[in-house]
Amino acid sequence: MTRLARRSIPSFLPPPPPAATGTTGTTATAESPPADSSYNTTTPRRLSLSYLAHDRTSPTMASSSTATPLLYACIAHNTTVLTEHTASASSNASSLVSLVLPKLSHSSSAHKTIDQSKFFIHVVTKSPSDFANSNDTARSAGGLTFLVIAERDLGQRIPFGFLRNLEKQFLAAFAPEDTDFAHLPPYGCASFNGQLKRLMVEQGATQAGQADALRTAQREIEGVREIMTENIERVLERGEHMAVLVDKTGRLGDNARDFRVRSRTLKRRMWWKNVKLMVLLCLVVIFLIYLFVGFGCGLPAWGRCLRH
């Protein structure tokens, strides 16, 4: 279109008028047309070049505005926004941040998706336990929130892959060991805005960026799957150990009942044995008394004692 417009300019413009002596000015269109039979008097004298200029510059302007389904992204510490970028100001997605941040908890790290009427709000929250092995300054990173507002059609894997890459780049730029996020003012990490914008465009508007975000999300899913598989194996092993313990407990219970029965039987046997011994002892004592008395009285007729 631009080439055609440029080629058609000479056919529409009138030939240059003769130079006027002693005058200065550029209003050539105010001069009357030359007396030439080949000149078409119906041709307009003025031609607005604004359309041509607009047509020449419009492809460049369109290519500079790249639409991305990632509408808004920010990084905050508790309720303090440290850095943010809005890709679509007309969506008013940034107005939702002040409503979402106060409701988030940092007692444990979590991945959340909040369903709004027109958007999905994807959130990754960090907790102090994620930085338990670091110094006190690094523990302040436990209050960080990585948030992105995206169109509903984009799904969840690409936004969470974007948040994972955003977390890596942000913590690489602002090391938790050297940055006290709790004492940073609002927009204290505004120098990260350009990198945040570039990452949103790369992973939201380009196929390669979306593929990279999908790979990141897939790796994270695989890591979670491995952890869950390991936990399930531990639970199964624990279940086997529990079954062994239950079996041993059952055997111990049976042995305890047998021991009670045997102890009662043994107690009764010992009691009867003691009774027999006491009876036998009594009989022996009575017999000895009989003998002693009988020797004194004269056995076997007890004549001495009976005479008296």
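Start with the sheet: colour the strands and you'll find an open sheet of five, in the order β2-β1-β5-β4-β3, with antiparallel pairing. At the edges sit β2 (80–86) and β3, each of which pairs on one side only. Now turn the view and compare neighbouring strands: on average they are turned by 15° against each other, direction ignored. Keep in mind as you go that this is a predicted model.

Next, select residues 157–173. This is helix α5, which packs on the sheet and touches β1 (70–77), β2, β3, β4 and β5. Line up the helix with β5 and you get an angle of about 145° between their directions.

**Zoom out for a moment**

Show the whole chain as a cartoon. How many helices and strands does the protein chain have? There are eight helices and five strands. Walk along the sequence and they come in the pattern α-α-β-β-α-β-β-α-β-α-α-α-α.

Switch on the surface if you like. The accessible surface of the protein chain is about 21,400 Å², and carbon and sulfur atoms hold 59% of that. Of the 308 residues, 26% count as buried. As for contacts with a separation of 6 or more, 61% of them in the protein chain are between residues 24 or more positions apart.

**Into the sheet: β4**

Select residues 119–125, which make up strand β4. Is this strand mostly covered or mostly open? Mostly covered: seven of its seven residues are buried. Show the side chains and look at each face in turn. On one side you have F119, I121, V123 and T125, on the other F120, H122 and V124, and every one of these is buried.

Now add the neighbours of β4. On one flank, select β3 (residues 110–115): six bridges join β3 to β4, and the two strands run antiparallel. Find T113 and you'll see that it stands opposite H122 in β4. Follow the backbone from β3 to β4 and you pass through a hairpin of three residues.

Then move to β5, which is joined to β4 by seven bridges, again in an antiparallel arrangement. Two pairs are handy to label here. F119 has E151 in β5 as its bridge partner, while F120 is partnered by A150 in β5.

**Next stop: S140**

Where is S140? Select S140 and you land in the loop between α4 (136–139) and β5 (144–151). Despite the loop address, S140 counts as buried, because its relative accessibility is 11% and the cut-off for buried is under 20%.

What does the side chain of S140 touch? Show D180 as sticks: the two side chains make a polar contact at 3.5 Å. Leaving aside sequence neighbours within four places, the contacts of S140 are H77, T179, D180, F181 and A182. Select that set together with S140 to see what surrounds the serine.

**Last stop: two cysteines**

Pick out C74 and C282. C74 has 0% relative accessibility, so C74 counts as buried. C282 has 43%, which means that C282 counts as partly exposed, since that class lies between the 20% and 50% cut-offs. If you're hunting for disulfides, the count is zero.

Definitions and conventions:
Residues are numbered from 1 along each chain as its sequence is written. This is a predicted model: local features need pLDDT of at least 70, side-chain atom pairs count only at pLDDT 80 or more; totals for chains, interfaces and linings use all residues. Side-chain values use heavy atoms; hydrogens and water are left out. Helices (H or I, at least four residues) and strands (E, at least two) are DSSP runs, numbered from the N terminus. Buried means under 20% relative accessible area, exposed over 50%, partly exposed in between (1.4 Å probe, protein chains only). A polar contact is a pair of N or O atoms within 3.5 Å; within protein, one must be able to donate a hydrogen and the other to accept it, and residues adjacent in sequence count only if both atoms are side-chain atoms. Contact means heavy atoms within 4.5 Å. Accessible areas come from the Shrake-Rupley method with a 1.4 Å probe; for residues, only the protein chains shown count as cover. A disulfide is a pair of cysteine sulfur atoms within 2.5 Å. Two strands pair if DSSP finds at least two bridges between them. Axes are lines fitted to C-alpha atoms, for helices over the stretch in contact, and angles run from 0 to 180 degrees between N-to-C directions.
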